[in-house]
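Q: Please take a close look at a single part of this structure and describe in a connected way how its elements are arranged and which residues meet.

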Amino acid sequence: MRFSLIGLWLIALPLFAAEPVDFTNDREGTSFYDSSSDKRAIARALKQVDESQIRGAFDDVERSLEENKLCSYDLNASLNKKLKEINPKFSETEGAILYLRTQNEFDDSVAKMLMQANTVETTNLRLPKNQEELFLPSDKKVVESAVATIANFEKKNTKGSCFDDSYRSLYGDVLKADKSMKSYHFEALLVEAYQQKKIDINVYMKLERARVNELETSSYSLKSHYKKIKSLRNQFPLRDPEEKSNFVTGKVDKLKVSHRQKLLEGYSDIQIMLMANVIKKLRTRLDSPKAEILIYDRQNGVETIELDPMERFRLAIKLLRKEMSLIALNTYFQGRTPDYLDLMTAAYEVGIIPASELEEVAGLQDIWNPKKTFWEKAQVWIRTLSSVATIAIPPPYGFIPALALVVIEMTAGKKNDKTDDPTVLF
Amino acid sequence: MKTLLLVTLLVPTLTFAQVTERTFEAMTRTENNKPLVGDVVLTDLVSNDSFDGEHFKIVNGKSDEAIKFDADEALKFRAATAYFHLTKARNYFIEKIKSDYVAKLPKMVIRIEHSNQFSELGHFTHDKYDPQFNNALTIPAGEGLASKGVKPWGIEIWFRPAKRVNIKELKVNGLANQEFQVLMAGFREQIHMQSMQRFLSNTVMAMTSDGPGMNPLSTENLIRTVGSSIVMELGYQFMDPITKFFSRKWYWLDTAVVPEIIYHEYSHVALSDHLVLSHSTAIIEGMADYFAGQMADSPKLAMNIKKYNTYNGKNAKRKQDYKIQFEMGEYANTDFVFGLLWEMGKIVGEDKGEAFMFELRKKLTTNSNIRNQLVEGILETCEEECTTPFVDKIRILKALNLKGI
């Protein structure tokens, strides 16, 4: 009887065994981290250990990872340990991370988190702090409460949560005492906690490095990333897992992230699916060979108006614009309006739009938000200056700015707005 | 019996033996598409003394006889030019476009110096009816009228004689002229507004300034301020007579010596399996222009003959927004469809453009319009022919949207 129970247990064991963690990049083409300084960092790392050693070390680390305990700090520590076993002088963790990204061991989002963890751990602090530059919150009760919260940090951190989650939780707890608290208050509170010997120098430095690197501003972690990707892949299995896109690793205007990093950091898996669905409908409409408008009287259809191809195209664009606005009203978005490129990246993420179509469909944005050429930008200035010059320049030379104004009116005034054209519906 | 067999064998052999090549002077183009008179070799001739070939017979006017090699030099030059470029066009459609229809076309009669109008029943109208000049025309085949002695005829190309015509007698669509008039109207408005602003600002300055300033009502100031407006107004009101005085007054077009026109007309023939030669529309003219442009290897079709003609000069690269008028009437012959097809050809790939357009003809009829059937036809053809149909269709739709369709 005992043997049969053991036998059953042994049979069932593999079913309960956790799936191995796999970070392999399955969507991104050339990395967002592809600058010459990134390449130099890789070269420095490869001087200390060779390519196969970095990949081998990471494979070992990856095999030992558990899905519920994923942590960029722990992963970096394990990787560093392995690489230091190969070369005790190894110091180029960032280069190793970037190299692993080039080999598609993981994507840019994972690379970013690992590099941020590395930066947090290696940032040089200017110590001791100048007391005159430290500003504690004015309310002493707030200070006491915050210092007590900071004192408990180590206890909470040792419970198995990742450092970034623990730090953000601590920051949130401290903020509960005074929501108007700023980062410089937190800086002073950390010093206060250390001076009161509530935390030791190591914990102080770790927390201060996290503060300096503004770890509290993001809520994205390795664990949540892995969970999100897994959820998306389960619900939308990729038709072509080998497909890669350089478009999604392109830089977002005015931000230091790629389109895909922005998407994954900023939206939940459900939001991504809803966004992708908008593009799915757009694609169907763009590809549709026929669209009709049916007119009914009170009982029957009395008229069918068939849209011509360009009307169908403009209808698809108008419906897209409408649905982009409506998505903000969805409870899952809480008023947040994703931009068109977010939708495109979401559609690619779940495989609705293949990489080959991505750039062209994304380019539809030019229709409602056309890029301005140099001449169009210059026209604004020429028009302004010419208007002044028409009065300032005396005859007979006054015709020059007048002519410039007329030419600008002729060229800039052309808009393909079909709304006033009675021969088209859209 | 043996003799009979020998003769039977010899007759076709002799016929083939007559297919000859001969060198003539004709109008060609340089690499830069400039006109060049030079020697060309005419192939597939089946006659030793006339422009009668296996595929084309060049006749003078209403005649049924091929033009003789010893005809007068000017006629011979036109015949040789037409024959040479028609052969080139035929080879293009057979060898490059792989058109079975063109390969199977029967021998065509090409009429040069032919001024009679076309009649669906009688082939030609009577000489007394308004003779035609400075033009070229492709006519559909006809069954003839046996009761009146009119024999059946095949598809023919007619090149009209060149004739100096006073520009006043021509109906010109004048799109460029319209644009110039809009520019002048805007300029005039701006100058008047400028004069008004100057007068008001001088008046305000004089009223608000304590020191001695310019009197806005002084003669000097009035002359300076109003002077520009008067000069502008005079120029504007007399613009038309002045333009007419300085512009050229005579127009003529010798179509039989313009390679692009020859290609254009032959393209009508090659496309006539689907685009029936009944009347001229924007689409069939644009399609013929496209292939003529490809054969001439130039988007500037007819720009080379601009100095002879009065219409805009067909230029595929001319940016032009869609106007509903392009669908019909005299605007139908403007270069909008040509430019549009040229752009579409670039989108689907330069190596595929010609095959694409040739397939496109299957989706069109002579009565197709631009906004509906042409655009639909382009999208459907792309679905069948493009390497990446969805992406290419998006590119096409974006380009068409920019064209204002």
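A: This model is predicted, and the part examined here lies in chain B, beginning with a pair of helices. Helix α7 of chain B (residues 259-270) packs against helix α8 of chain B (residues 282-296) at an angle of about 125°, the two axes lying 8 Å apart. That angle makes α7(B) oblique to α8(B), and the crossing of the two helices is right-handed.

The contact can be followed residue by residue. From α7(B) come B:Pro259, B:Glu260, B:Tyr263, B:His264, B:Ser267 and B:His268. They meet B:Ile284, B:Ala288, B:Asp289, B:Phe291, B:Ala292, B:Met295 and B:Ala296 of α8(B). By class, the residues of this contact divide into 8 nonpolar, 3 polar and 2 charged.

The description now turns to the sheet. In chain B, 4 strands form an open sheet with mixed pairing, in the order β3-β4-β8-β7. Strands β3 (56-60) and β7 of chain B stand at the edges with a single partner strand each, so one side of each has no neighbour in the sheet. From one strand to the next, the twist averages 20°.

Two helices pack on this sheet. Helix α2 of chain B (residues 73-96) touches β3, β4 and β8 of chain B, and its direction makes about 155° with that of β3(B). Helix α7(B) touches β7 and β8 of chain B, with its direction at about 15° to that of β7(B). Thus α7(B) packs on the sheet and also packs with α8(B).

Strand β8 of chain B (residues 156-159) merits separate attention. On one flank, strand β4 of chain B (residues 108-112) pairs with β8(B) in the parallel sense over 4 bridges. Within this pairing, B:Val109 has B:Glu156 as its bridge partner, while B:Ile112 is partnered by B:Phe159. Strand β7 of chain B (residues 136-139) pairs with β8(B) in the antiparallel sense, also over 4 bridges. Here B:Ile139 stands opposite B:Glu156. B:Glu156 is therefore a bridge partner of B:Val109 and is also placed opposite B:Ile139.

The side chains of β8(B) complete the picture. In a regular strand, side chains alternate between the two faces of the sheet. In β8(B), B:Glu156 and B:Trp158 point one way, whereas B:Ile157 and B:Phe159 point the other way. All of these residues are buried.

Definitions and conventions: Residues are numbered from 1 along each chain as its sequence is written. Chains are lettered from A and ligands numbered from 1 in the order in which they are written. This is a predicted model: local features need pLDDT of at least 70, side-chain atom pairs count only at pLDDT 80 or more; totals for chains, interfaces and linings use all residues. Axes are lines fitted to C-alpha atoms, for helices over the stretch in contact, and angles run from 0 to 180 degrees between N-to-C directions. Angles under 35 degrees count as roughly parallel, over 145 as roughly antiparallel, 65 to 115 as roughly perpendicular and the rest as oblique. A crossing is left-handed if the near helix is turned anticlockwise from the far one by less than a right angle, and right-handed if clockwise. Two residues are in contact if their C-beta atoms, placed from the backbone, lie within 7 Å. Ala, Val, Leu, Ile, Met, Phe, Trp, Tyr, Cys and Pro count as nonpolar, Asp, Glu, Lys and Arg as charged, and the others, Gly among them, as polar. A residue is buried if 20 or more other C-beta atoms lie within 10 Å of its own, exposed if 12 or fewer, and partly exposed in between; C-beta atoms are placed from the backbone. Two strands pair if DSSP finds at least two bridges between them.
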